[in-house]
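This briefing sets out selected features of one protein structure for a reader who has the sequence and the coordinates at hand. The topics are the nonpolar core, backbone geometry and salt bridges.

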Amino acid sequence: MIENNYFKIGKKEEIEDQVFLDIFKELGLNNKDIPIEGNVRQGMIGNTDVILLQGEFNDLIIESIRTKNKFRGQGNAANALDKIIESAEKRKITLKAKILPQEFKKGLNFDELRVFYEKRGFVFNEKNEGVRVPNNLLN
């Protein structure tokens with residue numbers, strides 16, 4: 001079992017799930033990008049660098065969304081997150097994220113990040129772990 005800061009991640013052998021491979025491919029996070037641990041994909045969505053992980057409960061974890069300084073304030077991170085949400089929504093996949101501002105870099109602060117995710121349907125607990133359940137599962 002691989003662990004990151006806030007979620008346990010399933011074994012590498014469990015990762016070859018076609019639904020998640022399809023999400024990664026749809027988002028452009030495929031062979032040309034860096035598979036960090038088999039179940040992790042890193043790459044660019046537009047001008048935004050994203051790191052996504054397949055969770056152990058059939059969920060997708062947003063590890064990082066970062067836009068270079070010269071492209072900030074143009075909606076690039078919002079566009080990348082919207083594409084991730086759209087792809088997960090089509091496949092009835094729950095999304096998870098944790099608010100971890102980049103303290104040493106310019107960018108959104110804690111409160112701004114929380115609002116950024118909440119505007120897109122994420123609900124946060126006291127540990128600042130956010131979950132977004134697909135709309136088609138709520139109906």
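The points below are grouped by topic.

The model is predicted. Its largest nonpolar core holds 26 residues, and a search of the whole structure returns six salt bridges. Two residues other than glycine, Lys92 and Asn128, are noted for positive phi values.

**Nonpolar core**

- Within the largest nonpolar core of 26 residues, the members that touch the most others are Leu52, Leu60, Ile62, Leu81, Ile84, Tyr117 and Phe122.
- Two or more residues of this core are supplied by each of the helices α1 (18-26), α2 (76-90) and α3 (110-118), and by each of the strands β5 (48-54), β6 (59-67) and β7 (94-98).
- Helix α2 provides the largest share of the core, with six residues.
- Phe122, one of the core members with the most such neighbours, also has a list of contacts beyond four places in sequence. These contacts include Ile62, Leu81, Ile85, Leu95, Ala97, Tyr117 and Val131.
- Lys96, Gly130 and Arg132 are also among the contacts of Phe122.

**Positive phi outside glycine**

- Lys92 has a phi near 55°, a positive value in a residue that is not glycine. Lys92 is located in the loop between α2 and β7.
- With a relative accessibility of 47%, Lys92 is classed as partly exposed.
- Asn128, likewise not a glycine, has a positive phi of about 65°. Asn128 is placed in the loop between β8 (123-124) and β9 (129-132).
- The relative accessible area of Asn128 is 19%, so this residue counts as buried, the cut-off for that class being under 20%.

**Salt bridges between distant parts of the chain**

- Lys96 and Asp59 form a salt bridge in which the closest N and O atoms are 2.9 Å apart. This pair connects strand β7, which holds Lys96, with strand β6, which holds Asp59, across 37 residues of sequence.
- Both partners are buried: Lys96 has a relative accessible area of 16%, and Asp59 has one of 4%.
- Lys96 thus appears in two settings, as a salt-bridge partner of Asp59 and as a contact of Phe122.
- Asp82 and Arg120 meet through their side chains in a salt bridge, with an N to O distance of 2.9 Å. Because Asp82 lies in helix α2 and Arg120 in the loop between α3 and β8, the pair ties together parts that are 38 residues apart in sequence.
- Asp82 is partly exposed at 35% relative accessibility, whereas Arg120 is buried at 19%.

**Salt bridge within a helix, and a network**

- The side chains of Arg114 and Glu118 form a salt bridge with an N to O distance of 3.0 Å.
- Arg114 and Glu118 are four residues apart in helix α3, which means that about one helical turn separates them.
- Arg114 is partly exposed, its relative accessible area being 23%, and Glu118 is also partly exposed, at 37% relative accessibility.
- Glu26, Lys90 and Arg91 are joined into one network by salt bridges that share partners.

Note on methods. Residues are numbered from 1 along each chain as its sequence is written. This is a predicted model: local features need pLDDT of at least 70, side-chain atom pairs count only at pLDDT 80 or more; totals for chains, interfaces and linings use all residues. Side-chain values use heavy atoms; hydrogens and water are left out. A nonpolar core is a set of buried Ala, Val, Leu, Ile, Met, Phe, Trp, Tyr and Cys residues joined through side-chain atoms within 4.5 Å. Buried means under 20% relative accessible area, exposed over 50%, partly exposed in between (1.4 Å probe, protein chains only). Contact means heavy atoms within 4.5 Å. A salt bridge is a side-chain nitrogen of Lys or Arg within 4 Å of a carboxyl oxygen of Asp or Glu.
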